[in-house]
Amino acid sequence: MQILQDITQTELTERYNKLKAIKDSLLNATTSPLYAYRQENSFHPVIGEGNHAARVMFVGEAPGENEAKQGRPFCGAAGKFLDVLLAHVGLERESVYITNLIKDRPPNNRDPLPEEIAFYSPFLDDQISIIRPDLVVTLGRFSMAYLFERMELREQLQPISKIHGKVCDGTFKATRLSLLTLYHPAAALYNGGMRQTLLSDFEAITAILGKK
Ligand code: URA
């Protein structure tokens, strides 16, 4: 199974530079609805990390406290379980790209507000356009809802309890892109049954990559 895109060093350098530009604009995003909260708490924006030639991109909701302190996605308890899930299907963090819909931590881990989604989602759009993965895996209902809407798949959107583990083929800015809906790994921290659901839903990733 091919995990990475076959791209040149020049293309990789271009992607690095474009992703660095996103990082710089987020660092200076003084008009962000979460900028003041970030500064007051000495938090970092969490842009994303992983392989710039990844065929799979994971999109979570928003950084938690650990993530905002370290500036890295999924480095807390949910991230540890994400590592277990990746290992379950033979993937390593280094071979995928991991990011979030919202790039700064919302206070007390509350749900993202519509104006926060409106502010941060263009950065996610740019990340998808730059990395051009074959498969985007949404973790949780916020990134699911955003990408179904963004990819004009809204007629296929259902509650996450109905569509988790399912893949939808769509287009993103005129490029083919598959979308796999999964529960958020944090859900398994409070609900043991969810652990098994996520483990078996994760197996769809290798099936999709193998087919393409
Ligand atoms: N939850 C998320 O959605 N993203 C993270 O980076 C960490 C926890």
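**Exercise 1.** In this predicted model, find which residues histidine 184 is in contact with, leaving aside its neighbours within four places in sequence.

*Solution.* Step 1: the contacts of histidine 184 outside that window are Glu61, Phe74, Ala78, Leu139, Gly140 and Leu198. Step 2: place the residue; histidine 184 sits in the loop between β6 (175-182) and α8 (187-190). Step 3: look at the side chain of histidine 184, which reaches the backbone nitrogen of alanine 186 at 2.9 Å.

**Exercise 2.** Decide whether histidine 184 is buried, partly exposed or exposed.

*Solution.* Step 1: the relative accessible area of histidine 184 is 17%. Step 2: buried means under 20%. Step 3: histidine 184 is therefore buried.

**Exercise 3.** Identify which residues of the largest nonpolar core touch the most other members, and which helix gives the most to this core.

*Solution.* Step 1: the core has 61 residues, of which Phe58, Val137, Phe202 and Ile205 touch the most other members. Step 2: helix α9 (residues 192-211) gives the most to this core, with 8 residues. Step 3: take phenylalanine 58 and skip residues up to four places away in sequence; the residues it touches include Val137, Phe202 and Ile205, as well as Leu86 and Val96.

**Exercise 4.** Classify the exposure of lysine 173 and of alanine 174, and state the sign of phi for lysine 173 and for alanine 174.

*Solution.* Step 1: lysine 173 is in the loop between β5 (167-172) and β6, and alanine 174 lies in the loop between β5 and β6. Step 2: phi is positive for lysine 173, at about 45 degrees, and for alanine 174, at about 70 degrees. Step 3: most residues other than glycine have a negative phi. Step 4: with a relative accessible area of 45%, lysine 173 is partly exposed; alanine 174, at 77%, is exposed.

Notes:
Residues numbered from 1 in each chain as written. Predicted model: local features only at pLDDT ≥ 70, side-chain atom pairs only at ≥ 80, totals over all residues. Heavy atoms only, no water. Helix = DSSP H or I, 4+ residues; strand = E, 2+ residues; numbered from the N terminus. Buried < 20%, exposed > 50% of the residue type's maximum accessible area, 1.4 Å probe, protein only. Contact = heavy atoms within 4.5 Å. Polar contact = N/O pair within 3.5 Å; in protein donor to acceptor, adjacent residues only side chain to side chain. Core = buried A, V, L, I, M, F, W, Y, C linked by side-chain atoms within 4.5 Å.
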